[in-house]
Amino acid sequence: MRRPITLAFLLATACTSAPAERVPGGTAAAPLAAADIAAIRATDSTFAGALGAGNSAGVAAMYLPDAHLLPPNLGPVEGREAIHQFFTRMVNAYQVTVTISSDEIEGRGDLAYARGHYTLEGAPKAAGTPPIHDEGKFVEVLRRLPEGAWRYAVDMYSSNLPVPPAQ
């Protein structure tokens, strides 16, 4: 008779929902408010606008000082200064237009993630340089700053396009 009771107890405890995320002080972290979601979308818009304007410092400002950029086919780019250099090389070579669309934004407290898709066009600034076109998907991990702005902690993106054949 003990086995059915034990089994019922195990099933009941396995099916309960997980406790809410706890933050220091023992209180449950609140889900993102509409203002947080709007601020995250504004971070993406500011990023895209700065990139389109050729403002690599403005792009880098959307990242935390210890952020990680994880571009396709390259090693990690770690830290805001290295991220600034990465985007400086891009905007020095191309006039870039990027659109960013978040398909999902979730989070609790001061931590959030966004998952979405992008398109990127790059018109070369030097003769003989081929234009670039890319479309793909991304995942961003963001942290809220004390004043309420959100900044990228981790930014990973990858292309949906096939890898070009080796030449």
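# Notebook: contacts, helices and core of a predicted model

**Pro-124.** I began with Pro-124 and listed its contacts, leaving aside the neighbours within four places in sequence, and found Ala-93, Tyr-94, Thr-129, Pro-130 and Pro-131. I was working throughout with a predicted model, and I noted that Pro-124 is found in strand 4. I then looked up its exposure, and Pro-124 came out as partly exposed, with a relative accessible area of 30%, a value that falls between the 20% limit for buried and the 50% limit for exposed. I also checked Met-90, which is 34 residues from Pro-124 along the chain, and the two C-alpha atoms are separated by 9.9 Å.

**Confidence.** Before going further I looked at pLDDT, which averages 88 for the protein chain, with 84% of the residues scoring at least 70. Over residues 1-23 pLDDT stays under 50, and for this stretch the model has eight contacts beyond four places in sequence. I leave those contacts uninterpreted, because predicted coordinates should not be read in detail where pLDDT is low.

**Overall layout.** I counted four helices and six strands in the protein chain, and from the N terminus on they run in the order α-α-α-β-β-α-β-β-β-β. Of the 167 residues in the protein chain, 31% are buried. The chain exposes about 10,200 Å², of which carbon and sulfur atoms supply 61%. When I took the contacts between residues at least 6 apart in sequence, 54% of them joined residues at least 24 apart.

**Helix 4.** Which residues of helix 4 are buried? I found Ile-83, Phe-86, Phe-87, Met-90 and Val-91, and they lie on the same side of helix 4 because they cover an arc of only 125° around the axis. The face turned away from this buried side carries the exposed residues Arg-89 and Asn-92. What covers the buried residues includes helix 2, helix 3 (56-60), strand 1, strand 2 (77-78), strand 3 and strand 6. Helix 4 has 14 residues and reaches 20 Å from its first C-alpha to its last, close to the 20 Å expected at 1.5 Å a residue.

**Helix 2.** I made the same entries for helix 2, which has 19 residues and reaches 27 Å between its first and last C-alpha, close to the 27 Å expected at 1.5 Å a residue. Its buried residues are Asp-36, Ile-40, Thr-43, Asp-44, Phe-47, Ala-48, Ala-50 and Leu-51, a list in which I noted Asp-36 and Asp-44. Just after helix 2, Gly-54 takes a positive phi of about 75°.

**The core.** Which members of the largest nonpolar core touch the most other members? Of its 32 residues, these are Phe-47, Leu-51, Tyr-63, Leu-69 and Phe-87. The elements giving two or more residues to this core are helix 2 (34-52), strand 1 (63-70), helix 4 (80-93), strand 3 (94-108), strand 4 (111-124), strand 5 (132-144) and strand 6 (150-159). I followed Tyr-63 in particular and, not counting residues up to four places away in sequence, found that it touches Phe-47, Leu-69, Arg-80, Ile-83, Phe-87, Arg-151, Tyr-152 and Asp-155.

**Asn-73.** Last, I looked up Asn-73, whose place is in the loop between strand 1 and strand 2. Its phi is near 60°, a positive value in a residue other than glycine. I recorded this because most residues other than glycine have a negative phi. Asn-73 is exposed, with a relative accessible area of 77%.

Methods. Residues are numbered from 1 along each chain as its sequence is written. This is a predicted model: local features need pLDDT of at least 70, side-chain atom pairs count only at pLDDT 80 or more; totals for chains, interfaces and linings use all residues. Side-chain values use heavy atoms; hydrogens and water are left out. A nonpolar core is a set of buried Ala, Val, Leu, Ile, Met, Phe, Trp, Tyr and Cys residues joined through side-chain atoms within 4.5 Å. Buried means under 20% relative accessible area, exposed over 50%, partly exposed in between (1.4 Å probe, protein chains only). Contact means heavy atoms within 4.5 Å. The expected span of a helix is 1.5 Å times one less than its number of residues. The arc is that of the directions from the helix axis to the C-beta atoms. pLDDT is the predictor's confidence in each residue, from 0 to 100. Accessible areas come from the Shrake-Rupley method with a 1.4 Å probe; for residues, only the protein chains shown count as cover.
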